[in-house]
Amino acid sequence: MEETRQDRDAQGGEKVEVTVPAAALVIRHARCPNGCLLMSPEVPIGGHPSIHVRVRQGGREGDVYLDPAYGSFNHRSDIEIAEGSVVSFSCPQCGVSLEEPDRFCGTCSAPLFVMHLPRGGRIEGCTRKGCFAHRLEVIDLGAQLLRLFEETQMDEYL
Ligand SMILES: [Zn+2]
Ligand SMILES: [Zn+2]
């Protein structure tokens, strides 16, 4: 099932949220806020380059590789993270935090991390292990909205 919702944000701009079937789409160009490409071909998951982030929790730090299939919660990690604990995410290349100020999970209130996609898209996720409230938010689609649902076009946003 596909579902779309359209509303206006505070600035009056058009905002479109897309809910997609789990694992139907693969993120290919996730970047940190400074523009570093986070994709890791060296550590594929499900046959696709994973999304590499640096994770800190309780004074420990490690590398985590997320499944690029949107909606999948598979990942590989070199540190043990207790279920239910909140971690901090940063870019493994430039070190910038991936957390967004004033953005919190609607399910558990932990901070959200954000990754940037081509053409103004963003993907958000909860920093609490085991919560995994993920959301794909595609902004500024303009006239291309109608083409969004053709798979080949959708790929350009991921
Ligand atoms: Zn970076
Ligand atoms: Zn959460």
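Me: Two strands pair if DSSP finds at least two bridges between them. Which residue of β5 stands opposite V55?

Reply: This is a predicted model, in which local features need pLDDT (the predictor's confidence in each residue, from 0 to 100) of at least 70 and side-chain atom pairs count only at pLDDT 80 or more, while totals for chains, interfaces and linings use all residues. Residues are numbered from 1 along each chain as its sequence is written, and chains are lettered from A and ligands numbered from 1 in the order in which they are written. Strands β4 and β5 run antiparallel and are joined by 7 bridges. In β5, the residue opposite V55 is G62.

Me: How many strands does the protein chain have?

Reply: Helices (H or I, at least four residues) and strands (E, at least two) are DSSP runs, numbered from the N terminus. Read from the N terminus, the order of elements is β-β-β-β-β-β-β-β-β-β-β-α. Beside 1 helix, the number of strands is 11.

Me: Which residue in the turn between β3 and β4 has a positive phi?

Reply: β3 (residues 39-45) pairs with β4 in the antiparallel sense, over 4 bridges. One bridge partnership joins I45 to H48 in β4. The two strands form a hairpin with 2 residues between them, and the turn residue with a positive phi, about 65°, is G46.

Me: What is the phi of G58 in the hairpin of β4 and β5?

Reply: This hairpin has 2 residues between its strands. G58 takes a positive phi there, near 55°.

Me: Which residue of β6 stands opposite V64?

Reply: β5 also pairs with β6, in the antiparallel sense and over 3 bridges. V64 has as its opposite residue in β6 S77.

Me: Which element gives the most residues to the largest nonpolar core?

Reply: A nonpolar core is a set of buried Ala, Val, Leu, Ile, Met, Phe, Trp, Tyr and Cys residues joined through C-beta atoms within 7 Å. The largest one has 22 residues, of which A30, L38, I51, V53, F89, L98 and M115 touch the most other members. Two or more residues come from each of β4 (48-57), β5 (60-66), β9 (111-116) and β10 (122-126). With 4 residues, the element that gives the most is β9.

Me: What percentage of the protein chain is buried?

Reply: A residue is buried if 20 or more other C-beta atoms lie within 10 Å of its own, exposed if 12 or fewer, and partly exposed in between; C-beta atoms are placed from the backbone. The protein chain has 158 residues, and the buried share is 25%.

Me: Which residues does F89 touch, not counting those up to four places away in sequence?

Reply: Two residues are in contact if their C-beta atoms, placed from the backbone, lie within 7 Å. F89 is among the core members that touch the most others. Beyond four places in sequence, its contacts are V53, V55, L98, E99, F113 and T127.

Me: Is N74 buried, exposed or partly exposed?

Reply: N74 lies in the loop between β5 and β6 (75-77). Its contacts beyond four places in sequence are I45 and D67. The C-alpha atoms of N74 and I45 are 8.1 Å apart, although 29 residues separate the two along the chain. Because N74 has 13 other C-beta atoms within 10 Å, its class is partly exposed.

Me: Is E83 buried or exposed?

Reply: E83 sits in the loop between β6 and β7 (88-90). It touches K129 and G130, leaving aside residues up to four places away. E83 and G130 are 47 residues apart in sequence but 5.6 Å apart in space, C-alpha to C-alpha. Because E83 has 8 C-beta neighbours inside 10 Å, it counts as exposed.

Me: In which strand is D102 placed?

Reply: Most residues other than glycine have a negative phi. D102 is not a glycine, yet its phi is positive, near 65°. D102 is exposed because it has 6 C-beta neighbours inside 10 Å. Its place is in strand β8.

Me: What is the mean pLDDT of the protein chain?

Reply: Over residues 1-10, pLDDT stays under 50, as it does over residues 140-152. Where pLDDT is low, the predicted coordinates should not be read in detail. In the protein chain, 66% of the residues reach 70 or more, and the mean is 76.
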